[in-house]
Amino acid sequence: MDKATQWEAEIPVLANKDVVIIGGSFAGIACAVELAKAGQQVMIIEPRTYLGRELTASLRPWLDLSSHVDRNWPELIQFVMEQSATQAGAADMVHIPLHPDRLKRALEDKLLSHGIELIYASLPVAIVGYDQEIGLEGIVIANKTGSQFIRCSKLIDTTETAIVSRLCGETVVDFASDEKAAFARILEFTGVEWPDEAAEELTYAVPEHLGLLGGQVRLMEGYRGKQHRYVEYWLQLASANEIETVGERELEARMRGMALTAYLVKHVPAFRKAVLCGSSFELHGPIPLSGAETQQGNPDPQAIDMQQTTNEMPGIYSLCKQLPVCLDPILAVEAGMQLAIELIGRPSTKQVITPNTWKKIDAPIPTLKKVDVLIIGGGSSGACASITAAGEDVNTLLVDMNPGLGGTGTLGGVDSYWFGRREGFAARQSACQVRQ
């Protein structure tokens, strides 16, 4: 990567807030609610297009209560159970299936009910501060409409990669580039004809040639009943937080998932008539490769070290500066609430609201790649354009906000106009989707 160049621009001021939280995770939502209750003006910036990454991005719409003996659930967890649990008496169960759409809407409703603003599909790109003594002035975010500046006196990062700490130039505890860790991926099936006496959670041994950690998969009952199953499989993959490594492990996990699907449908009687109807957008992890629990693909949840949350710049806090990040939603909620309580107890300066509608930004920006053709958006048009350009030996880069190609026709769910007709560009686009 080339050295950073200077970026100078006047960008619109989007809002004046006391607190901006980067990441609409369970930790971020819980923290936002507690701060709002204390009278703080709060905004959440979520890089994805949905909330609750611990359960949604990794397609794990259930609460696993096996590691939580205390049934005095935090407010947010209780609210999620009431709004999205699909079975009566769920509070007495160990495994509680959640309806994915109800879950996402419940999290949004919780924020809206406390006056918390929410912006989707946006990433922080620059931190603006006066100096180390005075502290934070605000943050610059980027999205489809361009760049915007948000004034705030506190900035809280609950992203799994501690993106704000990285923008500040701080050291984040990552796995080394040559290390490996455990990651889980989920396949979703309907029409699984498992025996009625089977428990709500099962493990099933699979052949060694599939290359899965522990040599088994876990079958979780979904919100539609026993014939609806989530199949969890664990892999040992490269763990570095680098663009190339992330792409490589996603590709490996998807290919292993297709091999697992083929095995289940061909060789396991309960899956003979099953239909694969989905898979997780993102991997669940990383988890260190240590301990018998991890080797069996069902590690104990680990809490966030609250002493590691303070950043070098005053007013900035990061929950996930050390690994492993908090992947358990209940522990995440507790960590978010604890951070909020600590911040409420500290002396604070209210954000000064100014009438300025534009902000001059002077910030460094790195050069990632140099290409001949840059295509923004990997939908049907963008994918076809990039295939054509690359086919003419033009140095081409395609950038998309989603974890897959196709746009409206795939992730958007409007697939009838090309799905099933694997000819021409549709066939080549499908091949790219598998290889990415």
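Two strands pair if DSSP finds at least two bridges between them. Strands (E, at least two residues) and helices (H or I, at least four) are DSSP runs, numbered from the N terminus. The model is predicted: local features need pLDDT of at least 70, side-chain atom pairs count only at pLDDT 80 or more, and totals for chains, interfaces and linings use all residues. Residues are numbered from 1 along each chain as its sequence is written, and side-chain values use heavy atoms, with hydrogens and water left out.

**Exercise 1. Describe how S13 and S14 pair, and state how far S13 is covered.**

Step 1. Strand S13 spans residues 216-222 and strand S14 spans residues 225-238; the two pair in the antiparallel sense over five bridges.

Step 2. The connection is a hairpin, which joins S13 to S14 through two residues.

Step 3. One bridge can be named: Arg218 has Glu232 in S14 as its bridge partner.

Step 4. For cover, take buried as under 20% relative accessible area, exposed as over 50%, and partly exposed as in between (1.4 Å probe, protein chains only). Six of the seven residues of S13 are buried, so the strand is mostly covered.

**Exercise 2. Place Trp62 and list what it touches.**

Step 1. Trp62 is in strand S4.

Step 2. Trp62 counts as buried, at 3% relative accessibility.

Step 3. Contact means heavy atoms within 4.5 Å. Not counting residues up to four places away in sequence, Trp62 touches Leu55, His95, Ile96, Pro97, Leu98, Ile186, Arg218, Met220, Tyr230 and Glu232. Arg218 and Glu232 are the bridge partners of Exercise 1.

Step 4. As a distance check, the C-alpha atoms of Trp62 and Ser84 are separated by 9.6 Å, with the two positions 22 residues apart along the chain.

**Exercise 3. Find the residues that touch the most other members of the largest nonpolar core, and the elements that supply this core.**

Step 1. A nonpolar core is a set of buried Ala, Val, Leu, Ile, Met, Phe, Trp, Tyr and Cys residues joined through side-chain atoms within 4.5 Å.

Step 2. The largest such core has 42 residues, of which Phe26 and Ile156 touch the most other members.

Step 3. Two or more residues each come from strand S2 (19-22), helix H1 (26-37), strand S3 (42-45), helix H2 (75-84), helix H3 (100-113) and helix H7 (329-344). H1 gives the largest share, nine residues.

Step 4. A second, separate core has 25 residues, including Leu210, Leu219, Leu260 and Ala270.

Step 5. Return to Ile156: leaving aside neighbours within four places in sequence, its contacts are Val19, Val20, Ile21, Ile22, Cys31, Leu35, Tyr317, Leu339 and Leu343.

Step 6. For comparison, take Gln40, in the loop between H1 and S3. Gln40 is buried at 17% relative accessibility, and beyond four places in sequence it touches Asp18, Val19, Leu35 and Lys154.

**Exercise 4. Trace the salt bridges of Glu160 and of Lys110.**

Step 1. Side chains of opposite charge can pair when their charged atoms come close. A salt bridge is a side-chain nitrogen of Lys or Arg within 4 Å of a carboxyl oxygen of Asp or Glu. By this rule the count is 14.

Step 2. Glu160 and Arg48 form a salt bridge at 2.6 Å, N to O. Glu160 is in the loop between strand S10 (154-157) and helix H4 (163-167), and Arg48 in the loop between S3 and strand S4 (62-64), 112 residues apart. Glu160 is partly exposed at 26%, whereas Arg48 is buried at 14%.

Step 3. Glu160 also forms a salt bridge with Arg53, at 3.5 Å, N to O. Arg53 lies in the loop between S3 and S4 and Glu160 in the loop between S10 and H4, so this pair ties together parts 107 residues apart in sequence. Arg53 is buried, with a relative accessible area of 11%.

Step 4. Lys110 and Glu75 form a salt bridge at 2.6 Å, N to O. Lys110 in helix H3 and Glu75 in helix H2 are 35 residues apart. Lys110 is buried at 9%; Glu75 is partly exposed at 32%.

Step 5. Salt bridges that share partners join Glu46, Arg48, Arg53, Glu160 and Glu282 into one network.
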